[in-house]
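Please open the model in your viewer and follow the stops below in order. Each stop names what to select and then says what is there.

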Amino acid sequence: MSVPVQIVPEELLSRFDVPGPRYTSFPTADRFVEAFTTDDYVQALTQRRTGLAAHSRPLSLYVHIPFCESLCYYCACNKIITKHHEKAASYLRYLSREVDLHTQYIGQGQTISQLHLGGGSPTFLRDDELRELMAMLRRNFTLAPGGEYSIEIDPRTVDAARLDTLAELGFNRLSFGVQDFDPAVQKAVHRVQPAEQVFALIDAARKRGFDSINIDLIYGLPRQTPESFARTLEQVNQLRPDRIALYAYAHLPERFKPQRRIDAQTLPNAAAKVAMLSRSLVSFLSAGYVYVGMDHFALPDDALAIAKRQGRLHRNFQGYSTQPDCDMIGLGVSSIGRVGATYSQNAKTLEEYCDLIDQGRLPVVRGLALSRDDLVRRAVIMSLMCQGQVLFESIDLAYLVDCRNYFTRELEDLQSLVEQGLVTVDDTGIQVTAQGWFFVRAVAMVFDRYLQTDRTRARFSKII
């Protein structure tokens, strides 16, 4: 029996073609301040170990590996381009020392339910270096059975034998950076990787029994057209990964130096980008994927799709997750963490990161201690982003507020979205409609008080 596909009108997609936060946190990382110091972070870690709720929250780890052998022109990540692999050995030593600094405050053996290696290219590390890293983490933390242990993969740096190593080390989720299969687009962004190579790798990964395989795609890249991207969509549907992350390219060469190598004249216009998004939605939904939200699709039997159906979705700095709302420790250059009611970020340059660790200090250089208002708004925004609804009574009881009065202005601002059929509002709460789920970020933005006082949104990606 065919499943009806939710068609989103291109006119509606165009109307919401405006920048906005991705809400992997609230407040968003651009609100972090240098007034938040290492001492503040240490206090949060100490409270996690000794406070009333000690050990009650699950713990997640993010490890940033900044190295890449070659530069992708679209990239906005924190990375170091080098072919000198000896730099990785030194970096691993500093990561180990950073972990030691953490265990001084939280103790050894805390249980980890989620681990993610990002970058850069984590697969820049050789097999022996990956073994060293995982052994170090296992010495200091307890990796829970059944947890999510994922790694980002550059297909140009991995073969079937390396997949064996990743499985042996306990990784059960892989994310392949594909972006686009079109050779002209790959050449324009300096990331040439034949489709046959990716197909062979994913086939090999399936044979090795990884729990979930994700593919990252980007639309809006140079030399992309709706027709060329449609061919990529067909190839992705042939691959049938468990998850797909579809991102809009944000061309911000004034902020991200690599993007200056892209000829702006070759970028698709706004109408073409909307057409690509529209075709993507139709293509993936017709192929049986569930739209999880915020650019993410999953097969119906994938844990992410199941979590959405059961109302158990969560969101953290890696995007949507099936793991319970948890503290996250970020390790490595530029990593972001969340402990209790605080966010923190490490030094963004390798030199400063190493210098702080050499001083015997955790390398945190900025962050934020959330106010009561931040916590209330975070609860509302994450409820919208993950469950597509806000139940006033739940927020009222959890934070001792009266939502109807607390958010008087925001509820008035929601009326335009009500009129467009994206949300419904009644005395019990807010409900995002099936159509509105494609624009849930726009709904969440209504409750972002920082945006209401700062209308400069160019630093964000588009909300569709």
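At what angle do helix 3 and helix 4 pack, and how far apart are their axes? The model is a predicted one, and in it the angle between helix 3 and helix 4 is about 5 degrees, with the axes 11 Å apart.

**Stop 1: helix 3 and helix 4**

Select residues 127–140 to show helix 4, and residues 86–106 to show helix 3. An angle under 35 degrees counts as roughly parallel, so helix 3 and helix 4 are roughly parallel to each other. On the helix 3 side, display A88, A89, L92, L95, S96, V99, D100 and T103. They meet E129, E132, L133, M136, L137 and N140 of helix 4. Coloured by class, the residues of this contact come out as eight nonpolar, three polar and three charged.

**Stop 2: helix 3 and helix 11**

Keep helix 3 on screen and add helix 11, residues 350–358. These two helices pack at an angle of about 45 degrees, and their axes are 10 Å apart. That angle makes helix 3 oblique to helix 11. The crossing is left-handed. From helix 3, the contact takes in Y91, Y94, L95, R97 and E98; from helix 11, it takes in L350, Y353, C354, I357 and D358. The class count for helix 3 against helix 11 is seven nonpolar residues, three charged and no polar ones.

**Stop 3: Q114**

Next select Q114, which is in strand 4. Is Q114 buried or exposed? Its relative accessibility is 7%, and the cut-off for buried is under 20%, so Q114 counts as buried. Show the side chains around Q114 and look for two polar contacts. One runs from the side chain of Q114 to the side chain of S60, at 3.0 Å. The other joins the side chains of Q114 and N316, at 3.1 Å. With neighbours up to four places away in sequence left aside, Q114 also touches other residues, including L59, L61, E148, Y149 and M328. For a longer view, draw a line from the C-alpha of Q114 to that of A35: they are 29 Å apart in space and 79 residues apart in sequence.

**Stop 4: G119 and G120**

Strand 4 covers residues 110–119. Select G119 and G120, which are joined by a cis peptide bond with omega of about 25 degrees. G120 belongs to the loop between strand 4 and helix 4.

**Stop 5: K79**

G120 is one of the residues that K79 touches. The others, not counting residues up to four places away in sequence, are P66, C68, L71 and P258. K79 itself sits in the loop between strand 2 and strand 3. Which backbone oxygen does the side chain of K79 reach at 3.2 Å? It is the backbone oxygen of C77. The backbone oxygen of C75 lies 3.4 Å from a polar atom of the K79 side chain.

**Stop 6: R377 and E410**

Move to helix 12, residues 372–387, and select R377. R377 is buried, at 7% relative accessibility. A polar atom of the R377 side chain lies 2.9 Å from the backbone oxygen of F447. F26, F407, E410 and R449 are among the other residues in contact with R377, beyond those within four places in sequence.

From there, select E410 in helix 15, residues 408–413. E410 is buried too, with a relative accessible area of 3%. Beyond four places in sequence, the contacts of E410 are R377, V446 and F447.

**Stop 7: F26 and P27**

F26, a contact of R377, leads to another cis peptide bond. That bond joins F26 and P27, with omega of about -5 degrees. P27 lies in the loop between helix 1 and helix 2.

**Stop 8: D295 and S334**

Most residues other than glycine have a negative phi, and most peptide bonds are trans. For an exception in phi, select D295, where phi is positive at about 75 degrees. D295 is in the loop between strand 9 and strand 10, and is buried at 9% relative accessibility. Finish at S334, whose phi is also positive, near 70 degrees. S334 is in the loop between strand 13 and strand 14 and is buried, with a relative accessible area of 11%.

Terms used: Residues are numbered from 1 along each chain as its sequence is written. This is a predicted model: local features need pLDDT of at least 70, side-chain atom pairs count only at pLDDT 80 or more; totals for chains, interfaces and linings use all residues. Side-chain values use heavy atoms; hydrogens and water are left out. Helices (H or I, at least four residues) and strands (E, at least two) are DSSP runs, numbered from the N terminus. Buried means under 20% relative accessible area, exposed over 50%, partly exposed in between (1.4 Å probe, protein chains only). Contact means heavy atoms within 4.5 Å. Axes are lines fitted to C-alpha atoms, for helices over the stretch in contact, and angles run from 0 to 180 degrees between N-to-C directions. Angles under 35 degrees count as roughly parallel, over 145 as roughly antiparallel, 65 to 115 as roughly perpendicular and the rest as oblique. A crossing is left-handed if the near helix is turned anticlockwise from the far one by less than a right angle, and right-handed if clockwise. Ala, Val, Leu, Ile, Met, Phe, Trp, Tyr, Cys and Pro count as nonpolar, Asp, Glu, Lys and Arg as charged, and the others, Gly among them, as polar. A polar contact is a pair of N or O atoms within 3.5 Å; within protein, one must be able to donate a hydrogen and the other to accept it, and residues adjacent in sequence count only if both atoms are side-chain atoms.
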